[in-house]
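Visitor: I should like a close look at a single part of this model. Please take one element and describe the charged side chains there, then place them among their surroundings.

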Amino acid sequence: DRRENVADNIIPIIERGGVVVLDRYYFSTIAYQGARGLEIERIRSENEAFAPTPDLLLFLDVPVATGLDRISKNRRGVTAFETRGYLTRVREIFLDTVSSLEYAVVIDGTLPPDQVFEACLSAVRRKLSLFPHD
């Protein structure tokens, strides 16, 4: 599915000089499948064989307890992917993965929404200032 999305949607937009904004790219696959016991580096290399590397990756980080609390306030029940132990491992993998990426910015997702937005906007502006413009 991701390979098809990259080929049919992402690559053509990039080739036209467009901007692609994604929610959950292959880094989510690395974290969620890695937390299930699959080999993290294999997942990463298989995805990076066809998926373009982003110019910017924003990781909104919240402690697992905060995430579970938000889930319980916004809907009934949790899924099999939303247990404390599993999400703890997912978060660890995300943090470990993004810590080695020069294009990744970790944003404190426990801040008030307007501050999270400003932090995201600031990171995007910093990145955009690095690109030449007409």
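Guide: In this predicted model, R89 is a suitable place to begin: with a relative accessibility of 35%, R89 is classed as partly exposed. Its side chain meets that of E92 in a salt bridge, with an N to O distance of 3.6 Å. Both residues belong to helix α5, and because they stand three residues apart there, about one helical turn separates them. E92 is likewise partly exposed, at 42% relative accessibility. As a general point, side chains of opposite charge can pair when their charged atoms come close.

Helix α5, which spans residues 84-99, also contains R91. The side chain of R91 forms a salt bridge with that of D61, at 2.7 Å from N to O. D61 lies in strand β1, so this pair ties together parts that are 30 residues apart in sequence. The two partners differ in accessibility class: R91 is partly exposed at 27%, whereas D61 is buried at 12%.

Strand β1 leads from the charged pair to a nonpolar region. L58 is placed in strand β1 and is partly exposed, with a relative accessibility of 30%. L58 joins L60, V124, L128, L130 and F131 in making a nonpolar surface patch of about 520 Å². The elements contributing two or more residues to that patch are β1 (57-61) and α6 (113-128).

The search of the whole structure yields five salt bridges. Another of these links K73 and D69, whose closest N and O atoms are 3.1 Å apart. This pair sits in helix α4 (residues 64-74), where a spacing of four residues means that about one helical turn lies between K73 and D69. K73 is exposed, at 63% relative accessibility, while D69 is partly exposed, at 37%.

Two further residues complete the surroundings. T29, in helix α2 (residues 26-35), is buried, with a relative accessible area of 15%. Its side chain makes a polar contact of 2.6 Å with the side chain of R2. Beyond its neighbours within four places in sequence, T29 is in contact with R2, G34, I43 and N47. R24 occupies the loop between α1 (2-15) and α2. R24 is exposed, with a relative accessible area of 54%, and has a positive phi of about 70 degrees although it is not a glycine.

Conventions. Residues numbered from 1 in each chain as written. Predicted model: local features only at pLDDT ≥ 70, side-chain atom pairs only at ≥ 80, totals over all residues. Heavy atoms only, no water. Buried < 20%, exposed > 50% of the residue type's maximum accessible area, 1.4 Å probe, protein only. Polar contact = N/O pair within 3.5 Å; in protein donor to acceptor, adjacent residues only side chain to side chain. Contact = heavy atoms within 4.5 Å. Patch = residues over 30% accessible without salt bridge, like charges linked within 9 Å, V, L, I, M, F, W, Y side chains within 5 Å. Areas by Shrake-Rupley, 256 points an atom, 1.4 Å probe, with all protein chains shown as cover. Salt bridge = Lys/Arg side-chain N within 4 Å of Asp/Glu carboxyl O.
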